[in-house]
Amino acid sequence: MNASDRQTGAEWLLRSAAASGIEVCFANPGTTELPFVGAMDAVPQVRPILCAFEGVCSGAADGYYRMRGTPAMTLTHLGPGFANAIANLHNARRAGSSVYNVIGEHMSWHVEADPPLASDIESLARPVSAGVYRADSPASLVMSVRQSLANAMAPQGGIHTLILPMDLQATAMDEPVFAARAPDTPAMLDAGLVEQVAAHVAAGRKILLLLGGDALHEPALMEALRFRGLANVEVVGETFPARSEHGGGLPAIRRFNPAAEQAHAYLLGFDLVALVGARRPVAFFGVEGYPSYLGDPARMVELCQEGRGGAATLAALADDLKLARRGLETVERVTDQDLGENLTPESAARVVAAWLPDQAIISAEGKTLAFPFNAIAARTSRHASIVLTGGAIGQGIPAAFGAAVAAPDRKVVGLQSDGSALYTVQALWSMARENADATILIASNRRYNILIDEMRRNGYELASPPVRDLLQLSRPELDWQGMAAGFGVQAERATTVSELRRSFRRAMAERGPRLIEVMLP
């Protein structure tokens, strides 16, 4: 490299990331990232997108990966800034998403002085990262970047986090650009296990095919159609899939209910449970008298790796059983006729389902709108759905934003509950700034319904008004139109079915960010 071609460490990192396939960086930089920001000016191949909160960076990177299949970069400020991103990195890890985190650090020689913003970044990053790397010299910067990029870009690479001191961001580098190349490693298929499951099916035993990962994508679902009509085979999807595809004639795949009281007995009703890209079923919460791992492990078999090889596995099983290929199912589309004017979660879900455009993306967080919509998702136009995988609320709007960045030619619709929306409402600002084509429906019932339901299920009857207030979002009422307007997003309020229909149809016909507050009893 000539002297005129010399570059900084941050420039070399960004050029290497771009050469490896990273195109976007969701960023919330601070003082220790100034050389990195300057490097972005010199490396336009990585598009910087400012997020007003680090949890938006991580949630957007998660949504981006789920729809694009390649990782985005995040840029956060020291340990406290990264800590703000952890909840949605937890969700991303549970989804199997790959994310490349860069955390700015104090000058390498300044860390030992324990300045006010110093923290144990490794301990923060390790629980949500498949790999954590620290550069403390130019040589270790080269090694760390090579390792972290190679691992992040590998199939199912996971979350990789690089801690990059400010002086190394600015240091002069003459290293050639590194381009990570993911090895082409097809998913392994265990023919013996497939034959074993096929023999059980052929013998008439009761079989559950529990689908997860890419077994809920279109190619695998086309293979799942071949099992339709087998009375002894039931096909169910995992509870919280990273991405699932629905509608347009794809088979209706019911999601597994992880409540221990129902799920354990349900699983024991099968002679064999075949896991096709799905994890072994676990109770969502521990319940006295029920095991954490549900069903009988002796009656479970893992047919393929988690998240990989679903289509090939189902095809091999169907071929072994000599099941014919089938075309898409003919289904009666959902309509929003004869609903009346009473706006309920069910009627709102029908309006969305009736007018959802083809190839839309649903980002669903919260049960109020997501559950009734999922029940009729097979009777809508073809769409993809991304849901809350790790249970850490505040994912829905950032993930919708990230999905819109990843797939700008597809409409994104967020089915969002009001309480969880407050956690990362700053994502609306980034949506407006980037003119993301995403419409967020806020289920405005002014309470934490899921907590109210769980309190009842566990036998608690609250008498104290201050304690009951812990489950309410009132006094004062949330002004979603005002909040959206403050972030630059056009917003409307729907109090009747007709109003929601008009607002939603208009949002689907126009490009750009929208918010619709759905007023529910």
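**Exercise 1. Find the partner of E122 in this predicted model, and work out which parts of the chain the pair ties together.**

Step 1. Look at the side chain of E122: it forms a salt bridge with R134, and the closest N and O atoms are 2.6 Å apart.

Step 2. Place both residues. E122 belongs to helix α6 and R134 to strand β6, so the pair ties together parts twelve residues apart in sequence.

Step 3. Check how covered each residue is. Buried means under 20% relative accessible area. E122 has 18% relative accessibility, so E122 counts as buried. R134, with a relative accessible area of 27%, is partly exposed.

**Exercise 2. Trace the salt bridge between R382 and E218.**

Step 1. Start with the distance: the closest N and O atoms of R382 and E218 are 2.9 Å apart.

Step 2. Now locate the two ends. R382 sits in the loop between α14 (367–375) and β16 (383–387), while E218 is in helix α10 (residues 218–224), so this pair ties together parts 164 residues apart in sequence.

Step 3. Compare with the cut-off of 20% for buried residues. R382 is buried at a relative accessible area of 11%, and E218 counts as partly exposed at 32%.

Step 4. Put these into the wider picture: the structure holds 22 salt bridges. Another one joins R228 and E329 (3.0 Å, N to O), and E223, R226, D319 and R325 are linked in a network.

**Exercise 3. Work out the strand order of the open six-stranded sheet, and which strands stand at its edges.**

Step 1. Read the strands across the sheet: the order is β3-β2-β4-β5-β7-β6, with parallel pairing.

Step 2. Go to the ends of that order. β3 (47–50) and β6 (131–134) each have a single partner strand, so one side of each is left without a neighbour in the sheet.

Step 3. Consider the twist: on average, neighbouring strands are turned by 20° against each other, direction ignored.

Step 4. Zoom in on one pair. Seven bridges join β5 to β7 (residues 159–165), and V99 stands opposite I159 in β7.

Step 5. Add the helices. Helix α2 (residues 34–42) lies across several strands, including β4, running at about 145° to β4. Helix α15 (residues 396–406) lies across β2 and β3, at about 155° to β2.

**Exercise 4. Decide whether H106 is buried or exposed.**

Step 1. Find H106 in the loop between β5 (99–105) and α6 (121–125).

Step 2. Apply the 20% limit: at 11% relative accessibility, H106 counts as buried.

Step 3. Look around H106: its contacts beyond four places in sequence include T32, L78, P165 and D167.

Terms used:
Residues are numbered from 1 along each chain as its sequence is written. This is a predicted model: local features need pLDDT of at least 70, side-chain atom pairs count only at pLDDT 80 or more; totals for chains, interfaces and linings use all residues. Side-chain values use heavy atoms; hydrogens and water are left out. Helices (H or I, at least four residues) and strands (E, at least two) are DSSP runs, numbered from the N terminus. Buried means under 20% relative accessible area, exposed over 50%, partly exposed in between (1.4 Å probe, protein chains only). Contact means heavy atoms within 4.5 Å. Two strands pair if DSSP finds at least two bridges between them. Axes are lines fitted to C-alpha atoms, for helices over the stretch in contact, and angles run from 0 to 180 degrees between N-to-C directions. A salt bridge is a side-chain nitrogen of Lys or Arg within 4 Å of a carboxyl oxygen of Asp or Glu.
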